[in-house]
Amino acid sequence: MTEVTLTVLHGSDRGKVFRDIAPPVTIGREEGNTIQLNDERISRCHLKIQYDNDRLVLTDLDSTNGTKVNGQESHLRILRHGDLVSVGRSMLLVGTEEQIAARVAALQAASDKNIGATMTQDLAASEGSSALDFEVGERNTNMETTGTLGMIETPEIPDRLSPSQAAQMCEVLDFLHQRLQKLIDYAQIDERTQEVIVDFAAWQRMIDLQAKIGAMIRKAGDPDWID
């Protein structure tokens, strides 16, 4: 089982490094936690980090002020090296410098591959286009400025599912796929401005879909719902 390293970037414990801790790890402000932080906005037992199916998983333990991962409210979240975990007034960085550098290198390589494919396709359509130079340059700039924390990796489908769980997963994904397809079908593309336009009804359906996804995420992250 892999150990985890957490570095406190902000907060009263700034500068502390908790190296090579064997999960499960609990973080809170009271004694008895694996990591005790001096932060009155952190709950007594705020969150837990554990390994499950070879993945590092963060679970918020119904804390008063919640937990954010890379700026997003997260009740249940898979953690990766380079992620930022915000609790109270404190912020923790996941992973060692070497682990984070390895993730950045892997993401950069994948991005370079995608950019190369896009360049080839665009050149075939319009060789020597000045718009191409600007687009690729813009993508490279974004890659350099956002770093690892700004890049979103496509999540993996859970493995080791029972047949009924796999069927439920397919049902959920099919529901989302069909709803998104309807929204795409209703969209209109202005060829002159290259803008995508949706009418108000489609926009409302998109908001409704987001609300449903939010409810699904909330239910999936409920500790009482997880075995």
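**A walk from a buried aspartate to the sheet**

Asp83 has a relative accessible area of 2%, so this residue counts as buried. That is a good place to start in this predicted model. The partner of Asp83 is Arg103, and the two form a salt bridge with their closest N and O atoms 3.3 Å apart. Arg103 is buried as well, because its relative accessible area of 12% falls under the 20% limit. Asp83 sits in the loop between S9 and S10 while Arg103 belongs to helix H1 (residues 97–125), so their salt bridge ties together parts that lie 20 residues apart in sequence.

Let us look at other charged pairs. The count of salt bridges comes to eight. One of them brings together the side chains of Asp13 and Lys16, at 3.2 Å from N to O. Here the two partners fall into separate classes: Asp13 is buried at 6% relative accessibility, whereas Lys16, at 41%, is partly exposed. Another salt bridge joins Arg179 and Asp208, again given as 3.2 Å from N to O. This pair links distant parts of the chain, since Arg179 lies in helix H3 (residues 163–186) and Asp208 in helix H4 (residues 200–220), 29 residues apart. Asp208 is partly exposed, with 32% relative accessibility. There is also a network: Arg55, Glu156 and Asp159 are joined by salt bridges that share partners.

Arg55 takes us to the sheet, for this residue is on one side of strand S6. The sheet is open, has five strands in the order S4-S3-S5-S6-S9, and shows mixed pairing. At its edges are strand S4 (35–36) and strand S9 (76–79), each of which pairs on one side only. As a reminder, strands of a sheet pair through backbone hydrogen bonds, in either a parallel or an antiparallel way.

Follow S6 in the model and you will find a neighbour on either side in the strand order, S5 and S9. Strand S5 (residues 47–52) runs antiparallel to strand S6 (residues 55–60), and six bridges join them. Among the facing residues, Tyr51 has Leu56 as its bridge partner, and Leu47 stands opposite Asp60. The hairpin of S5 and S6 has two residues between the strands, and Asn53 takes a positive phi near 55 degrees there. Towards S9, the pairing is antiparallel too, over four bridges, with Val57 partnered by Ile78.

How is S6 covered? Six of its six residues are buried. In a regular strand, side chains alternate between the two faces of the sheet. In S6, one side carries Arg55, Val57 and Thr59 and the other Leu56, Leu58 and Asp60, and all of these are buried, so both faces are covered.

Finally, turn to the largest nonpolar core, which has 20 residues. The members that touch the most others are Leu6, Ile27, Ile35, Leu37, Ile49, Leu79 and Val85. Two or more residues come from each of strand S1 (4–10), strand S2 (17–21), strand S3 (25–28), S5, S6, strand S10 (84–87) and strand S11 (90–94). S1 gives the most, with three residues. Leu6 is a helpful residue to select on screen: leaving aside residues up to four places away in sequence, it touches Lys16, Val17, Phe18, Ile27, Ile35, Ile49, Leu92, Leu93 and Val94. In Lys16 we meet again the salt-bridge partner of Asp13.

Methods:
Residues are numbered from 1 along each chain as its sequence is written. This is a predicted model: local features need pLDDT of at least 70, side-chain atom pairs count only at pLDDT 80 or more; totals for chains, interfaces and linings use all residues. Side-chain values use heavy atoms; hydrogens and water are left out. Two strands pair if DSSP finds at least two bridges between them. A nonpolar core is a set of buried Ala, Val, Leu, Ile, Met, Phe, Trp, Tyr and Cys residues joined through side-chain atoms within 4.5 Å. Buried means under 20% relative accessible area, exposed over 50%, partly exposed in between (1.4 Å probe, protein chains only). Contact means heavy atoms within 4.5 Å. A salt bridge is a side-chain nitrogen of Lys or Arg within 4 Å of a carboxyl oxygen of Asp or Glu.
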